[in-house]
Amino acid sequence: MPITAIRRSPGVRRHEQRSGPVGKLVDGDPLVVAGTSVPAGAEAEADVDLDVIVGGIEVSGEVSAPWQGECRRCLRPVGGELHAEVREIYRPRTASSDDDEETYPLSGEQLDLAPLVRDALLLALPLAPLCRPDCAGLCPICGADLADGPCGCEHAPTDPRWAVLDDLKPRGRG
């Protein structure tokens, strides 16, 4: 987005709302972390304020996009909407600041929100999503979904290395 007009006026704030397909952010690949993803082609939105500061532009606001994945306990599909707060600085690159990883680069009079949106969404993706907080998961023996009720499997025999601890349990309790 062009920023020529606001760079000439320090202290000026401009509100921007932008949206676009996530696939354009990373060459058509979905954003993926630990099995959860923002699907390629999903619509990402940035609702941000641009503030001119000495030596650059501060971008603050919210980034959002849909996400999908699998419940870590029962493997059912889950999804939702990501909302990530952002507050980052864009600065022009100079020979002495080429390796500055603390800020995003300003390319001439253009401010590219795509790297900021990509980074915010990747950090907001859930690492271990659940379909619901009390998800019972799958039976470790037969694989039945325990959300549908008990599976009827006999519990696995006690590991003989831990059998001594069973003697410490009060009798009559399971």
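Reader: Let me start with Arg13: why is this residue called exposed?

Author: Arg13 has a relative accessible area of 55%. The word exposed is used over 50%, so Arg13, at 55%, earns the label. Please keep in mind that this is a predicted model.

Reader: How do you know that Arg13 forms a salt bridge with Asp49?

Author: The closest N and O atoms of Arg13 and Asp49 are 3.9 Å apart. A salt bridge asks for a side-chain nitrogen of Lys or Arg within 4 Å of a carboxyl oxygen of Asp or Glu. With 3.9 Å set against 4 Å, the pair passes, and therefore it is listed as a salt bridge.

Reader: And what do Arg13 and Asp49 link?

Author: They link distant parts of the chain, with Arg13 in strand S1 (residues 13-21) and Asp49 in strand S4, 36 residues apart. Asp51 comes in as well: Arg13, Asp49 and Asp51 are linked in a network of salt bridges.

Reader: How many salt bridges does the rule give?

Author: The count comes to nine. One of them joins the side chains of Glu16 and Arg14, at 2.7 Å from N to O.

Reader: Are Glu16 and Arg14 buried or partly exposed?

Author: One of each! Glu16 has 11% relative accessibility, and the limit for buried is under 20%, so Glu16 counts as buried. Arg14 has 21%. That value falls between 20% and 50%, which means that Arg14 is partly exposed.

Reader: What makes Arg76 and Asp145 a salt bridge?

Author: Their side chains meet at 2.5 Å, N to O, and the rule accepts a pair within 4 Å. The two residues link distant parts of the chain: Arg76 sits in the loop between S5 and S6, and Asp145 in the loop between helix H2 (114-124) and H3, 69 residues apart. Arg76 has a relative accessible area of 31%, so it is partly exposed. Asp145 comes to 15%, which puts it in the buried class, given the cut-off of under 20%.

Reader: Where is the patch of negative charge, and why does Asp47 qualify for it?

Author: The patch is on the surface, where Glu43, Glu45, Asp47 and Glu81 gather. Strand S4 (residues 43-53) gives the largest share, three residues, and Asp47 lies in strand S4. A patch residue needs over 30% relative accessible area and no salt bridge. Asp47 has 33% relative accessibility, so it clears the area cut-off while counting as partly exposed.

Reader: Which residues form the nonpolar patch?

Author: Trp162, Leu165 and Leu168 form it, with about 370 Å² of accessible area together. Leu165 is in helix H3 (residues 163-166). At 43% relative accessibility Leu165 counts as partly exposed, and because the patch rule asks for over 30%, that value is enough.

Reader: What makes the backbone of Ala34 worth a look?

Author: Ala34 has a positive phi of about 50 degrees although it is not a glycine. Its place is the loop between strand S2 (31-33) and strand S3 (36-38). Ala34 has 58% relative accessibility, so it counts as exposed. Leu75 also has a positive phi, about 70 degrees, without being a glycine. Leu75 is in the loop between strand S5 (56-70) and strand S6 (77-92). With a relative accessible area of 48%, Leu75 is partly exposed, because the label exposed starts over 50%.

Reader: Where is Cys151, and which residues does it touch?

Author: Cys151 is in the loop between H2 and H3. Leaving out residues up to four places away in sequence, Cys151 touches Cys139, Cys142, Ala144 and Leu146. Cys151 and Cys139 are 12 residues apart in sequence, and their C-alpha atoms are 7.2 Å apart. At 33% relative accessible area, Cys151 is partly exposed.

Reader: To finish, what does the whole chain look like?

Author: The chain has three helices and seven strands, in the order α-β-β-β-β-β-β-β-α-α along the sequence. Of its 174 residues, 31% count as buried.

Terms used: Residues are numbered from 1 along each chain as its sequence is written. This is a predicted model: local features need pLDDT of at least 70, side-chain atom pairs count only at pLDDT 80 or more; totals for chains, interfaces and linings use all residues. Side-chain values use heavy atoms; hydrogens and water are left out. Helices (H or I, at least four residues) and strands (E, at least two) are DSSP runs, numbered from the N terminus. Buried means under 20% relative accessible area, exposed over 50%, partly exposed in between (1.4 Å probe, protein chains only). Patches are made of residues with over 30% relative accessible area and no salt bridge: like charges are joined within 9 Å, nonpolar side chains (Val, Leu, Ile, Met, Phe, Trp, Tyr) within 5 Å. Accessible areas come from the Shrake-Rupley method with a 1.4 Å probe; for residues, only the protein chains shown count as cover. Lys and Arg count as positive and Asp and Glu as negative; His and the chain ends are not counted. The place of a charge is taken as NZ of Lys, CZ of Arg, CG of Asp or CD of Glu. Contact means heavy atoms within 4.5 Å.
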